[in-house]
Amino acid sequence: MEKNESLDILASSLKGDLKYDSTTRAIYSTDASMYREEPLAFVYPADDSDIRQLIEYAHNHKTGLIMRGGGTSLAGQVVGSGIVVDISRYMNNILEINIEEHWVRIQPGVILEEMNKKLAEYGLFFGPETSTANRCTMGGMLGNNACGLHSLKFGSFNSQ
Ligand SMILES: Cc1cc2nc3c(=O)[nH]c(=O)nc-3n(C[C@H](O)[C@H](O)[C@H](O)COP(=O)(O)OP(=O)(O)OC[C@H]3O[C@@H](n4cnc5c(N)ncnc54)[C@H](O)[C@@H]3O)c2cc1C
């Protein structure tokens, strides 16, 4: 495996994990679609400051960031030659639930079904019921404007 000095420096300053070995790049070269392209590298960011560093790196090195949640997209949305940034491992916390005003503040890697289990404790749920609810993330639903079984009544993600 060829060493990449700038990626090694980036890896050492991130709190999360960065890999660019050939096995990892092969694993993250696809999503639920038929498309395939090996990314430059793969990252599990730990927090917002990691994301900021990644944006800066991508800008300086003229590469792209491909945000990834559950990777259940069907049209190659999570496939590309840049850096795949998977927010599902560490950035998956529910931060605040406002029961009176019916809103929830979350990190983008929260899985829909897990969030709904938590909201059910207060008699609430998130309207669009995407059929991949047990693995799709709220960030991925936002990116796809996801909808589902009850969207005729409750709308799609971006209408919430
Ligand atoms: C069997 C099957 C059934 C499906 N059924 C439905 C359905 O009923 N309704 C429906 O709408 N879709 C459906 N889908 C498509 C997909 O599952 C959903 O759209 C799902 O919401 C995607 O979530 P994800 O976390 O897997 O996103 P990913 O596939 O990881 O990402 C989706 C998009 O969001 C972007 N993204 C991810 N995270 C972020 C972030 N933090 N910030 C900015 N952008 C981000 C990605 O770059 C990508 O463009 C289905 C897919 C499969 C395989």
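The paragraphs below follow the ligand in this predicted model, from its place in the protein to its polar contacts.

The ligand occupies a space that is the largest pocket, and the protein around that space can be described by domain as well as by secondary structure. Because domain 1 (5–86) and domain 2 (94–159) both give residues to the shell around the ligand, the ligand lies between them. Among the secondary-structure elements, strand S3 (65–68) and helix H5 (138–144) each supply at least two residues of this shell, and the largest share, five residues, comes from H5.

In total, 24 residues surround the ligand, and the closest are Met67, Gly69, Thr72, Ser73 and Ser131. When the residues of the shell are divided by character, nine are nonpolar, 14 are polar and one is charged.

Several of the closest residues also place polar atoms beside oxygen atoms of the ligand. For threonine 72, a polar side-chain atom lies 2.5 Å from a ligand oxygen atom, while for serine 73 the distance between an N or O atom of the side chain and an oxygen atom of the ligand is 2.6 Å. Glycine 69 contributes through its backbone instead, with a polar backbone atom 2.7 Å from an oxygen atom of the ligand. As for surface area, the ligand taken alone exposes 980 Å², of which the protein buries 76%.

Key:
Residues numbered from 1 in each chain as written. Predicted model: local features only at pLDDT ≥ 70, side-chain atom pairs only at ≥ 80, totals over all residues. Heavy atoms only, no water. Near = heavy atom within 4 Å. Polar contact = N/O pair within 3.5 Å; in protein donor to acceptor, adjacent residues only side chain to side chain. Areas by Shrake-Rupley, 256 points an atom, 1.4 Å probe, with all protein chains shown as cover. 1 Å grid on protein atoms, 1.4 Å probe; cavity = no way out; pocket = protein on both sides within 12 Å on 5 of 7 lines; lining within 4 Å. Sits in = over half its atoms within 2 Å of the grid points. Helix = DSSP H or I, 4+ residues; strand = E, 2+ residues; numbered from the N terminus. Nonpolar A, V, L, I, M, F, W, Y, C, P; charged D, E, K, R; others polar. Domains from an automatic or database assignment.
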